Amino acid sequence: MKVIIAEKPSVGREIARVFGANTKKDGYIEGKGYTFTWAFGHLLQLAAPQEYGYYGWSVQNLPMLPPKFKLAIRKVKSKDGLIDDPGVKKQLDIIKSLFDEATEIIVATDAGREGELIFRYIYYYLKCKKPFKRLWISSQTDEAIKEGFRNLKPGSDYDTLFNSAHCRSQSDWLVGMNATQALSLASGNKGVLSLGRVQTPTLAMICARYLENRDFKPETYYQVAIFPDKDGQKFKAVSDKNFKTREEAEAVLQAVTATANVISVEGKPRKEPPPLLHDLSSLQQEANKKKGFTADQTLSLLQTLYEGKLVTYPRTGSRYIGDDVFAQIPSLISGLQHHPDFAKQATVLNGAKLSKRSVNAKKVTDHHAILPTGEKPWQLSADLQTVYDLVAGRMLEAFHSDCIKDITKITLLSGTRFNASGTVIREAGWRAVFNDPEEDKKDEDNAALPKLTQGEDLPVADKTLVEKQTKPKPLYNEATLLKALETAGKEIEDEELREAMKAGGLGTPATRAAIIETLLSRKYILREKKNLVPTPTGLAVYDVVKGQRIAQAELAGSWEKRLEEIRSGASVSLFQEEIKAYTREITQELLRSGKGVVLQSA
DNA sequence: GCAAGGTC
């Protein structure tokens with residue numbers, strides 16, 4: 001018997017369907033001489049410190065450097081504290097009995113570092129010795145699955161990938177567990193002060209932005225505005241210079257002449273291509289911006305839609321689809337022709353030429369962009385409907401035509417130079433789907449400008465002095481923080497580290513919402529309206545770590561670079577020794593410098 | 001009481 005193991009039930013069932021296997025059992029499916037089973041993501045994790053004899057939280061234990069890591073069943077919170085997750089335990093037992101009977105195992109966990117780790121941890125925990133092969137596919141279509149099975153790889157081809165995954169996992173444990181205990185103990189052991197490769201740079205970003213914003217000294221500056229009149233239609237033009245003092249501006253205001261001379265008229269149509277399909281992060285940002293949902297809420301709503309088979313896999317990091325999925329888009333679009341909000345645009349798109357901007361098989365990694373499945377939603381709650389509509393609406397936008405705008409820029413002379421600009425949407429294209437007002441519109445922008453010709457003189461109907469202030473960078477909210485986490489590392493000077501981080505930023509799509517929730521639950525940050533601001537505790541922790549590597553995205557970047565080298569065969573033990581050395585160093589440093597952190601009373 | 005990673 002051959003056993004196929006997938007990362008999650010949805011994929012296991014999908015592969016079984018392609019094979020034509022349909023005998024459903026508890027936790028697996030049989031048929032055609034195969035057995036199809038699955039994990040639920042990580043079933044196993046590195047065991048907690050006490051499993052290695054480090055009892056309690058104590059300076060004597062630090063740094064905790066287990067000679068050999070152990071695996072433990074994933075834990076869940078219950079009234080008796082942390083216990084083995086019963087659902088996980090049960091599935092692990094099912095997998096064990098299937099592996100026991102197997103002649104061969106086919107590994108169909110997601111094609112990536114964590115997917116490899118999910119399988120290997122199960123395999124080693126169960127002390128399984130059966131031979132295994134690897135299915136390596138990046139698309140879940142029938143053809144891709146069949147092709148993948150014709151091209152199974154030897155399991156050992158992925159040994160170095162497992163090594164890099166295992167190193168990632170151990171490094172996070174070593175640095176995270178030790179740094180957390182060291183800082184908590186140093187501060188007087190009154191509560192948990194957690195630190196980690198991802199959460200600490202994230203906290204640092206929020207704190208740095210908060211302080212920059214708080215300490216910003218706004219500067220007043222002045223502009224002069226005039227309102228020329230063309231045959232009764234007035235529009236606004238602003239001085240091309242800003243003035244530091246009111247006096248300078250007053251002088252320019254006084255010098256405005258009775259008529260303004262049109263020096264130049266520049267008009268050109270601009271094409272604005274449709275946005276890409278959503279990945280998890282862009283959807284979370286959009287839902288936060290438009291509806292105020294938190295990243296965590298959006299993920300959980302999406303998970304419900306996914307379990308209801310209404311949308312495709314949500315925790316994707318790709319905004320693209322392959323050609324195979326593209327072939328299904330026309331029918332998905334025509335399925336929206338009865339949707340209350342989207343009927344009109346779905347009809348417009350039906351049979352039209354579709355934009356292929358989101359179609360690129362090379363940019364599809366483990367999973368493609370989020371799409372509706374075509375199943376009809378039925379009696380969704382308001383929040384679920386909102387998220388569903390963001391997914392469905394984005395699909396219409398992504399395959400729609402360009403938005404075409406006429407942008408006019410006019411320069412006038414009236415004592416000094418004045419500029420006016422105007423934007424007219426000629427063809428809405430993809431913007432017709434949601435019909436939202438544009439966000440980045442400047443206040444000096446006119447909706448439409450009258451037709452003007454170079455050289456003409458216009459009477460100046462009004463003039464005024466405008467007082468303005470320079471603005472600080474805004475505080476982070478969930479949308480801007482998610483974006484910043486995605487692009488974290490872009491400003492790293494070292495080119496190789498920058499490259500290593502470019503692929504992922506900080507954290508992963510699946511974990512970023514959880515990182516924000518962790519910082520909230522530690523009371524390091526608070527939600528203040530839509531903004532994320534640090535608490536005194538968060539600022540105190542930041543003050544201790546801000547000069548250290550653990551607070552910088554560079555640390556994550558340097559690990560990524562080394563992990564990638566391990567994947568291509570570099571020494572595992574060398575990296576492990578370096579991590580241990582760093583663990584000793586950061587633990588000592590925090591025990592010394594962490595004394596200043598005072599917990600605020602909850 | 002602790003990390004980050006995956007998923008239900």
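**Close-up views of a protein on DNA**

Helix α5 gives the surface near DNA strand B its largest share, eight residues. This is a predicted model, in which local features need pLDDT of at least 70, side-chain atom pairs count only at pLDDT 80 or more, and totals for chains, interfaces and linings use all residues. Residues are numbered from 1 along each chain as its sequence is written, chains are lettered from A and ligands numbered from 1 in the order in which they are written, and side-chain values use heavy atoms, leaving out hydrogens and water.

**View 1. Meet the surroundings of DNA strand B.** In all, 41 residues surround the strand, the closest being Pro49, Arg74, Arg197, Tyr313 and Thr508. Here, "near" means that a heavy atom of the residue lies within 4 Å. Helices (H or I, at least four residues) are DSSP runs, numbered from the N terminus.

**View 2. Look at two atom pairs at the DNA.** A polar side-chain atom of glutamine 181 lies 3.0 Å from a base nitrogen of DNA strand B. In arginine 522, a side-chain N or O atom is 3.4 Å from a phosphate oxygen of that strand.

**View 3. Now find an aromatic pair.** The structure holds 18 aromatic pairs (ring centres of Phe, Tyr or Trp, its six-membered ring, within 6.5 Å). Phenylalanine 69 and tryptophan 173 pair edge-to-face (planes over 60 degrees apart), with 5.1 Å centre to centre and 80 degrees between the planes. Tryptophan 173 counts as buried (under 20% relative accessible area, 1.4 Å probe, protein chains only) because its relative accessibility is 6%. Phenylalanine 69, at 15%, counts as buried too.

Note on methods
Polar contact = N/O pair within 3.5 Å; in protein donor to acceptor, adjacent residues only side chain to side chain. Helix = DSSP H or I, 4+ residues; strand = E, 2+ residues; numbered from the N terminus. Phe/Tyr/Trp six-rings, centres within 6.5 Å; stacked < 30°, edge-to-face > 60°. Buried < 20%, exposed > 50% of the residue type's maximum accessible area, 1.4 Å probe, protein only.
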